[in-house]
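Let's take a walk through this model together, from charged pairs in the interior out to the surface. Keep the structure open beside you as you read.

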Amino acid sequence: MKINLRFLVLGVFVAILITDRGFNQLFFEREDDALLGKYYYLLVGFSLALSLLNLRYMSVGMRRWFFAVLTALGLLALESYQGWGSWMVYPHVFSKLTVLLHIFGAYAYYRRVGQPPFGPLVFLILLGLGINLAFFNSDSLSLNAFLNNERGFVTTSAYLFLVVGLLNLNWFLQRGHLLHVCLFFGCMAMIVFLQHRTVWVSTAVALPLNLLLLRRVPGVRFSPQRLLVLGLLPVLVGGVGGVAAILDNPNVIKRLEASIEDIQNPDKQGTGSWRMKQYEAYEPVLRERPVLGWRLDGFELPVQFYSDDTDAPIWENFTGHHFHSFYLDRLFYFGIVGVLLVLLMPIYVVAKRLLQPGPIPAATAALMACCATLVVYAISYDWPAYYYALVGLMLAGVQASAPVPVAAPARRPLAHTLTSPEPAPSALTY
């Protein structure tokens, strides 16, 4: 009997996925566990090794991007040694660049071995998140937690439900299996219930983008039967499971309305106003060094953000500036160049592929829609480490699905044409 061990290639992505709290909480009680910190360093070296070992599988553009990141790290190390006498004086600043290595490690590896089986990946994600919710964050599943906006389950973990949901939606529209549509609606329900508003906005962006990409996915059919299932299934499940009764609860309606108002007024209420105040506090500093940012000097810069109640700094000095925005974080430490170093190449690769003809696999289309939401997600949070690996996996799938140019037929050498004798006339011509 032949055993298919293809699922083993998931190991590279799963190893980086463990950096998310939804998974490492199963093994480490505290988020600042020293052993977990060493694991992060080990993953950076692992991703670098994967990138170098599979360098020849990178496209020209990806290879240039990889060397640009290495060059930036080298220059930062030289600056560290010149100013502080240490090659890596503040690892917190270096980590803003080293996390990019997860993109190249995942990309190069999956360009070599091909796309992994996404079915087992979905199973592992749901299994890990399910165990976490059941045993470590069970309070997050109660109605009281929903009404009081007590979100023990972190945003980055809830963000994974969007990945799983879109994969199952595309598979349902392609294959028609009822299990896939059940998992899709289950993931959407978890996203709503966990109340991470940034994930709500990301989902609202991802769904229409995914539908547009489905036009390029072979085998997708918007048949009346499948559309009927998409429309009726949540109604039937809601009626049987008592969800309708919960939604009739006026307190639930008020909680949902409050969350929607926070999204609509990010500068006046909710955590959005807190982020706005942080940006306003750091805006003068950003204007001083807009191109290359503060880099290592920024770590020693006093905290610019103060509490409204005590007028004390939000964080202690010399612990880093803990920004709740990818853009603010990169602009502060590495300026406009730092933002472009992360975003420019993925946008170029995806845009180039969309301008090319040819089908796009269902899983790749789902990943493209998910990764596109990072541009929105980045307004509120820094990217989770596992998403860098997901971007690498997505880019590998995008380039693998690109149409292969048809080679032109070989032309006969001119000298051969001139010197070759004319073929003898056939006897049938006489």
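R330 is a good place to begin: in this predicted model, its relative accessibility is 2%, so R330 counts as buried, the cut-off for that class being under 20%. What does the side chain of R330 meet in a salt bridge? The partner is D382, with 3.5 Å from N to O. Because R330 lies in helix 17 and D382 in the loop between helix 19 (374–380) and helix 20 (385–400), the pair ties together parts that are 52 residues apart in sequence. D382 itself has 23% relative accessibility and therefore counts as partly exposed, so this salt bridge brings together a buried arginine and a partly exposed aspartate.

This pair is not on its own, since salt bridges that share partners join K96, D329, R330 and D382 into one network. Let's turn to the other two members. D329 forms a salt bridge with K96, and their closest N and O atoms are 3.0 Å apart. Look at where the two residues sit: D329 is in helix 17 (residues 326–354) and K96 in helix 5 (residues 91–98), so that the pair links distant parts of the chain, 233 residues apart. Are D329 and K96 buried or exposed? D329 is buried, with a relative accessible area of 2%, and K96 counts as buried too, at 9% relative accessibility.

A general point helps here: side chains of opposite charge can pair when their charged atoms come close. The structure holds 7 salt bridges, and another of them is formed by the side chains of D297 and R289, at 3.2 Å from N to O. Here D297 is partly exposed, with a relative accessible area of 27%, and R289 is partly exposed as well, at 26%.

From D297, move along to F299, which you will find in helix 16 (residues 295–300). F299 counts as buried because its relative accessibility is 10%, and the class takes in values under 20%. What surrounds F299, once its neighbours within four places in sequence are left aside? Its contacts are Y90, H92, V93, F318, T319, G320, H321 and Y333. You can also trace the distance from F299 to N317: the two are 18 residues apart in sequence, and their C-alpha atoms are 8.5 Å apart in space.

Next comes T155, in helix 9 (residues 155–175). With a relative accessible area of 8%, T155 is buried. Not counting residues up to four places away in sequence, T155 touches H196, V199, Y377 and Y381. One of these, Y381, also takes part in a polar contact, in which its side chain and that of T155 are 3.4 Å apart.

To finish, come out to the surface. There, F123, L124, L127, I131, F135 and F136 make a nonpolar patch of about 600 Å². Pick out L127, whose place is in helix 7 (residues 118–135). L127 has a relative accessible area of 40% and is therefore partly exposed. Why can L127 belong to such a patch? Patches are made of residues with over 30% relative accessible area, and L127, at 40%, passes that cut-off.

Definitions and conventions
Residues numbered from 1 in each chain as written. Predicted model: local features only at pLDDT ≥ 70, side-chain atom pairs only at ≥ 80, totals over all residues. Heavy atoms only, no water. Patch = residues over 30% accessible without salt bridge, like charges linked within 9 Å, V, L, I, M, F, W, Y side chains within 5 Å. Areas by Shrake-Rupley, 256 points an atom, 1.4 Å probe, with all protein chains shown as cover. Salt bridge = Lys/Arg side-chain N within 4 Å of Asp/Glu carboxyl O. Helix = DSSP H or I, 4+ residues; strand = E, 2+ residues; numbered from the N terminus. Buried < 20%, exposed > 50% of the residue type's maximum accessible area, 1.4 Å probe, protein only. Polar contact = N/O pair within 3.5 Å; in protein donor to acceptor, adjacent residues only side chain to side chain. Contact = heavy atoms within 4.5 Å.
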